[in-house]
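Colleague: I would like a close look at one part of this model, with its surroundings. Please keep the answer plain and step by step.

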Amino acid sequence: MMKQIRANLGRPTFKAEDQSRIAGFLKTIILTLGSGALLYILIILAFSIPVQKSLLLIVASAVIFLIVLFILTRRGHLHLASTLLIAGLWIIQTLAVTIDGGVSSPTFVSYILIIIITSVLFGSRAGLVVSMLSAAAGAALIFAESRELLPTPLRSTMAGWTTHSILFVLVGII
């Protein structure tokens, strides 16, 4: 049983070395982000840190999404997994920031992680596109916040610290 688990979590190998390298990078990203999301949920629940329940639901959904991407990567659908990873993370991030109060949310800075991953997987032009989309999302959130269209966030210093600390670790690993 443990051998099977280790084999499934090991670096995927393909005939083309380039595919093996990309698959290894995707595996690292997916496992790191999934671990970070689970750690976030555990810390929030263990220390009773006040956050919106819908935000926890989004993070839990992200874990399921990452499991699907892991399976796609293992099966060799690297371009699809890469594209879905960037699009899915960006949508999840935008939902999370919207729920958590907009650009003043500690979660807003997490767009940088998606931009870095995009640049590594698809190059600097794609990274620039995601940068521009993220900046536009920020502008839209500022507009929505100025019109009081965003929910009132449950904020605590501990939640902000938890978010940033996990982001620091994720960036360090990736």
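Which residue just after H6 takes a positive phi, and of about what size? And what covers the buried residues of H6?

Modeller: The residue is Glu148, just after H6, with a positive phi of about 55°. Keep in mind that this is a predicted model.

Start with the helix itself. H6 has 23 residues, and at 1.5 Å a residue they should span 33 Å. The end C-alpha atoms of H6 are 33 Å apart, so the expected span and the model agree.

Now look at which residues of H6 are hidden. Gly127, Val130, Ser134, Ala137, Gly138, Leu141 and Ala144 are buried. To read such a list, recall one rule. An α-helix has 3.6 residues a turn, so residues three or four places apart point the same way. The cover over the buried residues of H6 includes H4 and H5.

Next comes a contact partner of H6. Two of the buried residues, Ser134 and Gly138, are in contact with Phe108. Phe108 sits in the loop between H4 and H5. Beyond its sequence neighbours within four places, Phe108 also contacts Gln93, Val97, Gly102 and Val103. Phe108 has a relative accessible area of 23%, which is not under the 20% needed for buried, so Phe108 counts as partly exposed. Phe108 and His164 are 56 residues apart along the chain, yet their C-alpha atoms are separated by 10 Å.

Phe108 also belongs to a group of rings. Ring pairs link Trp90, Phe108 and Tyr111 into a cluster. How many aromatic pairs does a search of the whole structure find? The search finds two. In one, the ring centres of Trp90 and Tyr111 are 6.1 Å apart and the planes meet at 50°, so this pair is tilted. The pair links distant parts of the chain, because Trp90 is in helix H4 and Tyr111 in helix H5, 21 residues apart. The other pair joins Phe108 to Tyr111. That one is edge-to-face, with 5.3 Å centre to centre and 75° between the planes. Tyr111 has a relative accessibility of 3%, so Tyr111 counts as buried.

Step back to the core. The largest nonpolar core has 45 residues. Leu33, Tyr40, Val51, Leu85, Ile117 and Leu121 touch the most other members. Helices H2, H3, H4, H5, H6 and H7 each supply at least two residues of this core. H2 gives the most, with eleven residues. Val51 touches Tyr40, Ile44, Leu56, Leu154 and Ala159, leaving out residues up to four places away in sequence.

Right after Val51 comes Gln52, found in the loop between H2 and H3. Is Gln52 buried or exposed? At 10% relative accessibility, Gln52 counts as buried. Gln52 touches Ile99, Asp100, Thr152, Pro153 and Leu154, again not counting residues up to four places away.

H3 can be checked in the way H6 was. H3 has 22 residues, so at 1.5 Å a residue the span should be 32 Å. The end C-alpha atoms of H3 are 32 Å apart, which agrees. The buried residues of H3 include Leu56, Val59, Ala62, Leu66 and Phe70. Just after H3, Gly76 takes a positive phi of about 90°.

Last, look at the empty space. The structure holds two cavities of 30 Å³ or more. The largest cavity has about 500 Å³ of space. Of its 23 lining residues, the closest to the centre are Val59, Gln93, Thr107, Ser110 and Leu170. H2, H3, H4, H5 and H7 each give two or more residues to this lining. The largest share, five residues, comes from H3. Gln93 ties this space back to the loop, since Gln93 is also a contact of Phe108.

There is a pocket too. The largest pocket has a volume of about 190 Å³. Eleven residues line this pocket, and Ile30, Leu31, Gly34, Ser35 and Ile67 are the closest to its centre. H2 and H3 are the elements that give two or more residues to its lining.

How values were computed:
Residues numbered from 1 in each chain as written. Predicted model: local features only at pLDDT ≥ 70, side-chain atom pairs only at ≥ 80, totals over all residues. Heavy atoms only, no water. Core = buried A, V, L, I, M, F, W, Y, C linked by side-chain atoms within 4.5 Å. Buried < 20%, exposed > 50% of the residue type's maximum accessible area, 1.4 Å probe, protein only. Helix = DSSP H or I, 4+ residues; strand = E, 2+ residues; numbered from the N terminus. Contact = heavy atoms within 4.5 Å. Phe/Tyr/Trp six-rings, centres within 6.5 Å; stacked < 30°, edge-to-face > 60°. Expected span 1.5 Å × (residues − 1). 1 Å grid on protein atoms, 1.4 Å probe; cavity = no way out; pocket = protein on both sides within 12 Å on 5 of 7 lines; lining within 4 Å. Points joined across faces, edges and corners; volume = space filled by probe spheres on them.
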